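Got your viewer open and a selection tool ready? Let's walk through this model together, one stop at a time.

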Number of protein chains: 2
Amino acid sequence: MTIRRYVKPEILRREIREGGFTGTTAGQCPGYVQANLVGLPPKYAGDFLTFCEKNRAPCPLLEVTRTGMSVPEIVAKEADLLTDLPRYDIFVDGVYAETVTTIKGLDIGGMVFFLLGCSFTFERALIERGVEIKNVKEGKNVSMFRTSIQLEPSGPFSGEMVVSMRPIHYTRVIETVLVTARYPLAHGAPLHVGAPHLIGISNLESPDFGDPVSVEGDEIPLFWACGVTPRVVLENARIPLAVMHHPGHMFVTDLRDGDIQDRESLDSPTNSEL
Amino acid sequence: MTIRRYVKPEILRREIREGGFTGTTAGQCPGYVQANLVGLPPKYAGDFLTFCEKNRAPCPLLEVTRTGMSVPEIVAKEADLLTDLPRYDIFVDGVYAETVTTIKGLDIGGMVFFLLGCSFTFERALIERGVEIKNVKEGKNVSMFRTSIQLEPSGPFSGEMVVSMRPIHYTRVIETVLVTARYPLAHGAPLHVGAPHLIGISNLESPDFGDPVSVEGDEIPLFWACGVTPRVVLENARIPLAVMHHPGHMFVTDLRDGDIQDRESLDSPTNSEL
């Protein structure tokens, strides 16, 4: 089966809404920003908003919907977050319950939705410059690790940062830091390079999430704050009912990658969060 | 003996010119750009200019004087390069001959002078942000190493890059990359982090130039293109007569550090030169 490639987000979202597309959004609508989704009962929305503001590297906020509204008016004003993601994961009391292709039927009246930037944006910027992203090239999921880096807590939301690891050829490491720093709304610059054990990672061959990706002798592993962090935080918080996108099955916005580029960004997650 | 601290470059340069100051310029005139000096017979000037343009990370060009002119009209139009550096090193046939405090008496009619940016600029930017520069704090010279990184040759000028090494606390490494990248005319971003052996450095405790500076367990060694590179290149080229500043005894310009800041720089020496 060949996977159809979509160019325009509104076309892909309509196809998803009508049930014709339930796959990963990786590689779809190149140049458009994709987003992680978190949906919470309004009772928890204030604390989670503060959590995102305190932990911008793992939780870069693109938009928060108004209570009970499922239209993201800033990033895709014609879309509906109840129907326009290919797959959703439902969590009950912090425990994964099931994966569904729509949440329209769920009793989630009054939910607040958070859209958080995702690393697809900076991966594309790197690939366009000829920097090889090994897991993309090998068709694997990125390697992700739990770390010892404490998150800034907010209400019931707390825990440790999850990071993604990408092995980069040693001649492109500094360039990779500089290019990804321009996308603070897509996790931004790496938060670590050089000594994984200092952030609590003991074995690069055994990721906690995703696939193992080998690091060759001429490659340096770089570590970025990861969008799986809020998933772990939600599990810790044991919220009665929560919704997230299914990993790799993101919300595709109408924003262009260039719209969230900040050419002067000096944001450095290592400074504030380690 | 206490060392007098100067604020204004023109006052320091006058004191140097009159023989009252022959020490290192490190820490003098904070906020003003200091420069490496290279003086060559005009016959070699074209090739060396091209060499600088091909190897911008180690040889970031601030100004080239016109043949026979010793006034740097762009960076300090009241100064005289024959008298306004505290110490000069003279090279004959590529071999160090002597250190002098003026080159006014030397038969160097028709020489061309090159002023190249220096790392004092980015060190100051880091210290202002609270990033500790260990060798500065310990009053040592920075550690410098010969590498296996080939320079782009031009005429008689060729060789391998020399790098300076600074151990940075692991929580400030990415910030250090981003901040120094803003100063491409002061060597810019590091050219390497992570695996010194990949650039031909086998033992961090035995620098080829400068002082040994220890790397603790919570520090990561970062490597920058170094202004000692042209010194090694000049030696290789065996030019009949050449002049350089004596290490640490720089030309202090009227430029402010902010004048050479490039907030959007993505220059990455690793990409083009490794």
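## Stop 1: a strand pair in chain A

Select β6(A) together with strand β7 of chain A, residues 160–169: the two pair in the antiparallel sense, over five bridges. Keep in mind as you look that this is a predicted model. To see one position along this pairing, show A:Met144 and look across to β7(A), where A:Ser164 stands opposite.

## Stop 2: the rest of the sheet in chain A

Now widen the selection. In which order do the four strands of the open sheet in chain A run? Follow them as β6-β7-β9-β8, with antiparallel pairing. The edges are held by β6 (143–150) and β8 (192–193) of chain A, and each has a single partner strand, so one side of each is left without a neighbour in the sheet.

Next, add helix α5 of chain A, residues 173–181, which packs on the sheet. Helix α5 of chain A touches β7 and β9 (219–225) of chain A, and its direction makes about 15° with that of β9(A).

## Stop 3: the sheet in chain B

Move over to chain B and select its open sheet of four strands, in the order β6-β7-β9-β8 with antiparallel pairing. Here β6 (143–150) and β8 (192–193) of chain B are at the edges; each has a single partner strand, so one side of each is left without a neighbour in the sheet.

Zoom in on β6(B) and strand β7 of chain B, residues 160–169, which are joined in the antiparallel sense by five bridges. Pick B:Met144, and you will find its bridge partner in β7(B), namely B:Ser164.

## Stop 4: where the chains meet

Finally, show both chains and select the residues in contact: 32 of chain B with 32 of chain A. How much area is buried between chain B and chain A? The value is about 2800 Å², and carbon and sulfur atoms give 66% of it.

If you look for salt bridges across this interface, the rule finds zero. The rule also finds zero residue pairs in polar contact between chain B and chain A, counting pairs with both residues at pLDDT 80 or more.

Which elements should you colour on the chain B side? Try α5 (173–180), β8 and α7 (269–273) of chain B, since each supplies at least two residues of the side that touches chain A. The largest share, six residues, comes from α5(B). Colouring this side of chain B by residue class gives 17 nonpolar, seven polar and eight charged residues.

Notes:
Residues are numbered from 1 along each chain as its sequence is written. Chains are lettered from A and ligands numbered from 1 in the order in which they are written. This is a predicted model: local features need pLDDT of at least 70, side-chain atom pairs count only at pLDDT 80 or more; totals for chains, interfaces and linings use all residues. Side-chain values use heavy atoms; hydrogens and water are left out. Two strands pair if DSSP finds at least two bridges between them. Contact means heavy atoms within 4.5 Å. Buried area is the accessible area (1.4 Å probe) that two parts lose on being put together, summed over both. A salt bridge is a side-chain nitrogen of Lys or Arg within 4 Å of a carboxyl oxygen of Asp or Glu. A polar contact is a pair of N or O atoms within 3.5 Å; within protein, one must be able to donate a hydrogen and the other to accept it, and residues adjacent in sequence count only if both atoms are side-chain atoms. Ala, Val, Leu, Ile, Met, Phe, Trp, Tyr, Cys and Pro count as nonpolar, Asp, Glu, Lys and Arg as charged, and the others, Gly among them, as polar. Axes are lines fitted to C-alpha atoms, for helices over the stretch in contact, and angles run from 0 to 180 degrees between N-to-C directions.
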